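Here is a walk through one protein model. Keep the sequence and the 3D view side by side as you read.

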Amino acid sequence: MSIGSKIKALRRAKDLTQEELAEILGISSKAVSQWECGRTAPDISQLPVLCNFFEVTADELLGIEVLNKEAERNKIAEEYFALAKNGRREEILSLLKESLKRLPNDAWIMGMIIGELTIRMNTQECDSEEKERMEEECRGYSEHILEHSLEDEQRYTALNFLCLYYQRKGETEKAWEYARKLPHICDCRQMNTLQLGDSKEKMEAGRYW
């Protein structure tokens, strides 16, 4: 994620317009717009102000931390797929939870854990107490992702889980609250791919429907 994309995501998380952010920083809205579309970047003297305002480190703002995390995530993904390929699914959850100790609060790992626990709840025989424990664990991860993460993919994982969680609990209004925050079906990659001409990609996209 570029610095401009990061500023845009942080601004939206605070529910600010470009004009409002510009006023707070004492610059023009055009400057903010130029940052966010990648045409220019903030002057080095503006970095401390941006970091303080958005409550992030310079590494986070500049994307250095993201690059380090991505390298670590790639290693975890390799181990994950090696275990899955060899049918060692029982070890996957341990791998993910140990990884979360190395990367505390990492939304990607939390999303992977939610997915793994959901698979277990749907494919393995669990007593009601064990299933409830796993559901509550997933709920905790989902709420943490929504509160702290700006990553769309992980946020959609969390929203989807919470929507189904509250539906199962019979709390329909709360389920709708999360459902409304999910992207519209027409905006998703699979739906748009189905409108394109490549038959192979159409077939791949169709697997989701």
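What follows moves from the overall fold to the cores, the pocket, the loops and the aromatic rings.

Bear in mind from the start that this model is predicted. The protein has 209 residues, and 33% of them count as buried. Its secondary structure is simple to state: 13 helices and zero strands. Read from the N terminus, the elements run α-α-α-α-α-α-α-α-α-α-α-α-α. Contacts also reach along the chain. Take those between residues at least 6 apart in sequence: 45% of them join residues at least 24 apart.

Now look inside. In soluble globular proteins, nonpolar side chains tend to be buried together. Here the largest nonpolar core has 32 residues. Leu96, Ile109, Ile113, Phe161 and Tyr178 have the most contacts inside this core. Which helices each supply at least two of its residues? They are H6 (64-85), H7 (92-102), H8 (107-123), H9 (128-148), H10 (152-168) and H11 (172-179). H8 gives the largest share, eight residues.

Phe161 deserves a closer look. Leave out residues up to four places away in sequence. Phe161 then touches Ile114, Thr118, Met121, Glu135, Cys138, Arg139, Ser142 and Arg168. A second core is separate from the large one and has 14 residues. Among its members are Ile7, Leu10, Cys51 and Leu61.

Ile7 and Leu10 bring us to helix H1. This helix spans residues 3-13. Its buried residues are Ile3, Gly4, Lys6, Ile7, Ala9, Leu10 and Arg11. What covers them? The cover includes helix H2 (18-25), helix H3 (29-36), helix H4 (47-54) and helix H5 (58-62).

H1 also has a part in the largest pocket. Rolling a probe the size of a water molecule over the atoms shows where empty space is left. The largest pocket holds about 1200 Å³ of space. Its lining counts 34 residues, and Lys6, His148, Ser149, Leu150 and Glu151 are the closest to its centre. H1, H6, H9 and H10 each supply at least two residues of the lining. The largest share, seven residues, comes from H1. What is the lining made of, by class? It has 14 nonpolar, five polar and 15 charged residues. Lys6 thus appears twice in this account: it is a buried residue of H1, and it is among the lining residues closest to the pocket centre.

Next, follow the chain out of H1. Asp15 comes just after this helix, in the loop between H1 and H2. Asp15 has a positive phi of about 60 degrees although it is not a glycine. Is Asp15 buried or exposed? It is exposed, with a relative accessible area of 66%. Glu55 sits in another loop, the one between H4 and H5. Its phi is also positive, near 60 degrees, and Glu55 is likewise a residue other than glycine. Glu55 is exposed too, at a relative accessible area of 69%.

One more loop is worth a stop. Ser28 lies between H2 and H3. Ser28 is partly exposed, with a relative accessible area of 41%. Ser28 and Gln18 are ten residues apart in sequence. In space they are 9.1 Å apart, C-alpha to C-alpha.

Last come the aromatic rings. A pair of aromatic rings is described by the distance of the centres and the angle of the planes. How many aromatic pairs does a search of the whole structure find? It finds five. Phe53 and Phe54 form an edge-to-face pair, 5.0 Å centre to centre with 70 degrees between the planes. Phe53 is partly exposed, at 24% relative accessibility. Phe54 is buried, with a relative accessible area of 6%. Tyr80 and Phe81 form an edge-to-face pair as well, at 5.2 Å centre to centre and 90 degrees between the planes. Tyr80 counts as buried because its relative accessibility is 13%, under the 20% limit. Phe81 is exposed, at 54%.

The tour ends with a cluster. Phe161, Tyr165, Tyr166 and Tyr178 form one aromatic cluster. Two of these names are familiar: Phe161 and Tyr178 are among the residues with the most contacts inside the largest nonpolar core.

Conventions: Residues numbered from 1 in each chain as written. Predicted model: local features only at pLDDT ≥ 70, side-chain atom pairs only at ≥ 80, totals over all residues. Heavy atoms only, no water. Core = buried A, V, L, I, M, F, W, Y, C linked by side-chain atoms within 4.5 Å. Buried < 20%, exposed > 50% of the residue type's maximum accessible area, 1.4 Å probe, protein only. Helix = DSSP H or I, 4+ residues; strand = E, 2+ residues; numbered from the N terminus. Contact = heavy atoms within 4.5 Å. 1 Å grid on protein atoms, 1.4 Å probe; cavity = no way out; pocket = protein on both sides within 12 Å on 5 of 7 lines; lining within 4 Å. Points joined across faces, edges and corners; volume = space filled by probe spheres on them. Nonpolar A, V, L, I, M, F, W, Y, C, P; charged D, E, K, R; others polar. Phe/Tyr/Trp six-rings, centres within 6.5 Å; stacked < 30°, edge-to-face > 60°.
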